[in-house]
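Ready for a few exercises? Have a go at each task yourself, then read through the worked solution.

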Amino acid sequence: MLAANVHPFSSPLAVGLEKTSSFAVSRKNAVLVAKCKPNRVSTGIRSSLQSIVAPEVDKDFTSAQTRVKILSEALPFIQKFRGKTIVVKYGGAAMKSEALQASVIDDVVLLSCVGLRIVFVHGGGPEINHWLGKLNIEPNFLNGLRVTDASTMEIVSMVLVGKVNKQLVALINKAGGTAVGLSGIDGRLLTARPSPNASQLGFVGDIASVDPTVIRPLIDNNHLPVIASVAADPTGQAYNINADTAAGELAAALGAEKLILLTDVAGILEDRNNPESLVKEIDIKGVKKMIEEGKVAGGMIPKVNCCVRSLAQGVRTTSIIDGRLKHSLLLEILTGEGAGTMITG
């Protein structure tokens, strides 16, 4: 798997020597042996040292060759996507697990380093629930959407914009990227309107318009925008926006090459009860048929609709990928196998 363990390239021999603890203990002996005239004893010691070092050297040499092979095979994909905008929606299991979070951050930084223009959109449902619990506020949901009254909206803004967003920015910067944290409110990036069910859902909004002016200079200067899915209406009232929707509308407004939604499932399944029935690639017509047949249902429907809407607005391809897999972003972008379902126009 590409970059699962990317190490600096160095001499396999040097690495082998450094990693062999038995040899490290015997360095003085090795120097002394080198100065001795050849005899049975010195030859025997040399043979013993070689038997310690050689397997490690061979192992490291093979490892280095594997890394070089993987990098060379990734070249066509890097060339294809270099300079292109990729919008990634981050959430689900990849946000709950520290190991998966680290994997996603590493992937994003690596992709940015090889020239892809990444825009990172996030929600933060579990963290919101955690803080609501601390304040003894019971979370409520209606058809999968968070019921957001005024007090809940205040917590949503504080958690997503003030905590989760800045934490992700810090992690990306620590990993070597240059991230800038924003919300949909900044620069009127996202303008919200009340959802049709506002009387039941409260301050849950739809996106009325997108103005990416504020993030274009960041992208052009190789910065990595990290966007919290909170927006405001023209009066300044804040709204909780579905992160999938925010990512899809941003991708369309930016003319992105690709939209990627990280999820807690393998992708779109031909048979929902058979995890082995993954649909690797499908077009809009095919996925609409799957919805009509009931093969795509529940929480997958809004994700699929988000992808379809983005494609209709000019995004080249969209993917729903398994965020439970380590380095799923690299698998999706830099290999032919992918890590979920790709939907095309």
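Two rings of Phe, Tyr or Trp count as a pair if their centres lie within 6.5 Å. By this rule the count comes to two aromatic pairs. Keep in mind that this is a predicted model.

**Exercise 1.** Work out which kind of pair Y90 and F120 form.

*Solution.* Start with the distance: the two ring centres are 5.2 Å apart. Next, take the angle between the planes, which is 25°. Planes under 30 degrees apart count as stacked, so Y90 and F120 are a stacked pair. Now find them in the chain: Y90 belongs to strand β1 (residues 85-90) and F120 to strand β2 (residues 117-122), so this pair links parts of the chain that are 30 residues apart. Finally, check the surroundings: Y90 and F120 are both buried.

**Exercise 2.** Do the same for F203 and Y239: what is the geometry of this pair?

*Solution.* Centre to centre, you get 5.8 Å, and the planes make an angle of 70°. Angles over 60 count as edge-to-face, and that is the label for F203 and Y239. As for location, F203 sits in the loop between α9 (198-201) and β7 (204-210), while Y239 is in strand β10 (residues 238-241), so the pair ties together parts 36 residues apart in sequence.

**Exercise 3.** Decide for F203 and for Y239: buried or partly exposed?

*Solution.* Buried means under 20% relative accessible area. Y239 has 6% relative accessibility, so Y239 counts as buried. F203 comes out at 24%, so F203 counts as partly exposed.

**Exercise 4.** Trace how β7 is joined to β6 and to β10.

*Solution.* Begin with strand β6 (residues 190-194): β6 and β7 pair in the antiparallel sense, over five bridges. One spot to look at is P194, whose bridge partner in β7 is G205. Then turn to β10, which runs parallel to β7 and is joined to β7 by two bridges. Here G205 shows up again, with I241 in β10 as its bridge partner.

**Exercise 5.** Find where the charged end of K134 sits.

*Solution.* Look at the ring of W131: the charged end of K134 sits over that ring, 4.4 Å from its centre.

**Exercise 6.** Describe the setting of K89: buried or exposed, and in contact with which residues?

*Solution.* First, place K89 in strand β1. Its relative accessible area is 10%, so K89 is buried. Then skip its neighbours within four places in sequence and list the contacts of K89: V121, A243, D244, A247, I260, L261, L262 and K303.

Notes
Residues are numbered from 1 along each chain as its sequence is written. This is a predicted model: local features need pLDDT of at least 70, side-chain atom pairs count only at pLDDT 80 or more; totals for chains, interfaces and linings use all residues. Side-chain values use heavy atoms; hydrogens and water are left out. Rings of Phe, Tyr and Trp (its six-membered ring) pair if their centres lie within 6.5 Å; planes under 30 degrees apart count as stacked, over 60 as edge-to-face and the rest as tilted. Helices (H or I, at least four residues) and strands (E, at least two) are DSSP runs, numbered from the N terminus. Buried means under 20% relative accessible area, exposed over 50%, partly exposed in between (1.4 Å probe, protein chains only). A charge sits over a ring if NZ of Lys or CZ of Arg is within 6 Å of the ring centre and within 35 degrees of the ring normal. Two strands pair if DSSP finds at least two bridges between them. Contact means heavy atoms within 4.5 Å.
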